[in-house]
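Please look through the structure below with attention to its ligand site and its internal cavities. The paragraphs that follow take these in turn.

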Amino acid sequence: MSQTTNKPDRMFLSAPHMSGREIEYVKQAFESNYIAPVGPQLNQFEEKFREITGYKYCVAVSNGTSGLHLALRSVGVGAGDIVLASTFTFIGSVASANYLGAELVFIDSENETGNMDPEVLKEEVERLVAAGTPPAAVLPTDIYGQACDLDRIVEVCEPYGIPVVCDSAESLGATYKGRCVGHAARIASFSFNGNKIITTSGGGMVASNDEALIKKCRHWATQAREPVLHYEHLEVGYNYRMSNILAAIGLGQLEVLQDRVDAKRSIHAQYEEQLKDVPGISFLKEAEFGCCNRWLTVIRVGEESGSTPGNVIAALEEHNIESRPAWKPMHTQTCFADNRVVGGAIADEIYRTGMCLPSGTIMTPEDITRVCDIIKATISVA
Ligand SMILES: Cc1ncc(COP(=O)(O)O)c(C=O)c1O
């Protein structure tokens, strides 16, 4: 789809949206010649991120996938360990467990939001503990900007000392019980990929209230180089640090984070208003325990519509509008054909009926109406 059809005037799923101030921060980085993976803009970016999110510690990294790699390693996940992860997610969420040689077991979703179902998780944790093979970590995703029920997930894990690593890649700006997402987990990871609510073109942040964990992540992200002049390594790390130039973009983006959340929520509200009476169309819900950032508006195209997500995506594509199927569950991916899933039917159904509508904050009310009119026309002729 988007790979083949970047025609002029295309409406993208979630295009980057600069505030205008980014270039000033990038200019400052150039003027001081900090064209490097560390520098003042990077320090300021981390400081500002902590201020906005309330996390005590954080480290900026090259992307959300590397952030999760560091986060999982920091809580002790290693080869042969079991990691329980959301099946309804993007592969960048779970790939890191694979890099560490851990065995992924996938957990089904709640129907309303698509997030990990804590009751299904409980069942599997208790089964594994009873079998003498407790999981080394639990890795839920805050899907499409909606916080998972983290307190409940932590409550399931705590009695057995199982650390929770929250994948909040899609959910910066969202809250869970009044705080930034991920706080109740041992450690969380965020993404600043080009399509996220704010972007550094590529980038990520690992955040925690546990200083020791972030210290480890920071060390591994810089090739695990010991703080001595000569190149001394006691262990092997990675080259995962965010560049100072990209952090400068992030400084401009953090200034407009709340504006972007408000805009995404407004886009969602307009879609809901205009599509509420269309037969068979429903929306992934916002849970009562927090504010969803509505990174992408996800609709479900049910039986009653007489249509399918595939038909609607094709109709929008004909008008040069990008939309996407909902995430294809991990337990249905060929690369995870040998991995176990607990449940899976709910995630399968969300995939079968779900699709993401264009949700970029540069969209106008007219753009939203245009998308809705195409959806209505598609469904009435289906
Ligand atoms: C749920 C989820 N997890 C992880 C990632 C990985 O982030 P990145 O692309 O920055 O590596 C993404 C998005 O890209 C994501 O949507």
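How many nonpolar, polar and charged residues are in the shell around the ligand? The model in which this is counted is a predicted one. The shell has 10 polar residues, together with three nonpolar and three charged ones. That is a set of 16 residues around the ligand, and those that come nearest are Gly 64, Thr 65, Asp 167, Glu 170 and Ser 191. Two helices, α3 (64-74) and α4 (91-99), each give the shell at least two residues.

Several of the nearest residues can be followed to individual atoms. On Thr 65, a polar side-chain atom is 2.5 Å from an oxygen atom of the ligand. Ser 191 also places a polar side-chain atom by a ligand oxygen, here at 2.7 Å. With Asp 167 the ligand atom is a nitrogen, and an N or O atom of the Asp 167 side chain lies 2.6 Å from it. The ligand on its own has 380 Å² of accessible area, and the protein covers 93% of this.

Apart from the ligand shell, the cavities can be examined. The structure has two cavities of 30 Å³ or more. The largest holds about 70 Å³ of space. Its lining has six nonpolar, three polar and two charged residues. The residues lining this cavity include Thr 113, Ile 143, Tyr 144 and Gln 146, and also His 268, Leu 284, Lys 285 and Arg 294. Where does the largest cavity lie with respect to domain 1 and domain 2? It lies between them, because domain 1 (22-254) and domain 2 (257-381) both give residues to its lining.

The second largest cavity holds about 60 Å³ of space. Five polar, four nonpolar and three charged residues make up its lining. Among them are Ser 14, Ala 15, Pro 16 and His 17, as well as Lys 196, Ile 197, Ile 198 and Thr 199. Gln 253, Arg 260, Lys 264 and Thr 361 also line the second largest cavity. Domain 1 (22-254) and domain 2 (257-381) both contribute to this lining, so the second largest cavity lies between them.

Methods: Residues are numbered from 1 along each chain as its sequence is written. This is a predicted model: local features need pLDDT of at least 70, side-chain atom pairs count only at pLDDT 80 or more; totals for chains, interfaces and linings use all residues. Side-chain values use heavy atoms; hydrogens and water are left out. A residue is near a molecule or strand if one of its heavy atoms lies within 4 Å of it. A polar contact is a pair of N or O atoms within 3.5 Å; within protein, one must be able to donate a hydrogen and the other to accept it, and residues adjacent in sequence count only if both atoms are side-chain atoms. Accessible areas come from the Shrake-Rupley method with a 1.4 Å probe; for residues, only the protein chains shown count as cover. Helices (H or I, at least four residues) and strands (E, at least two) are DSSP runs, numbered from the N terminus. Ala, Val, Leu, Ile, Met, Phe, Trp, Tyr, Cys and Pro count as nonpolar, Asp, Glu, Lys and Arg as charged, and the others, Gly among them, as polar. On a 1 Å grid over the protein atoms alone, a cavity is a set of points where a 1.4 Å probe fits but cannot get out, and a pocket is an open set with protein on both sides within 12 Å along at least five of seven lines; lining residues have an atom within 4 Å of a point. Grid points are joined across faces, edges and corners, and a volume is the space filled by probe spheres set on the points. Domain bounds come from an automatic or database domain assignment.
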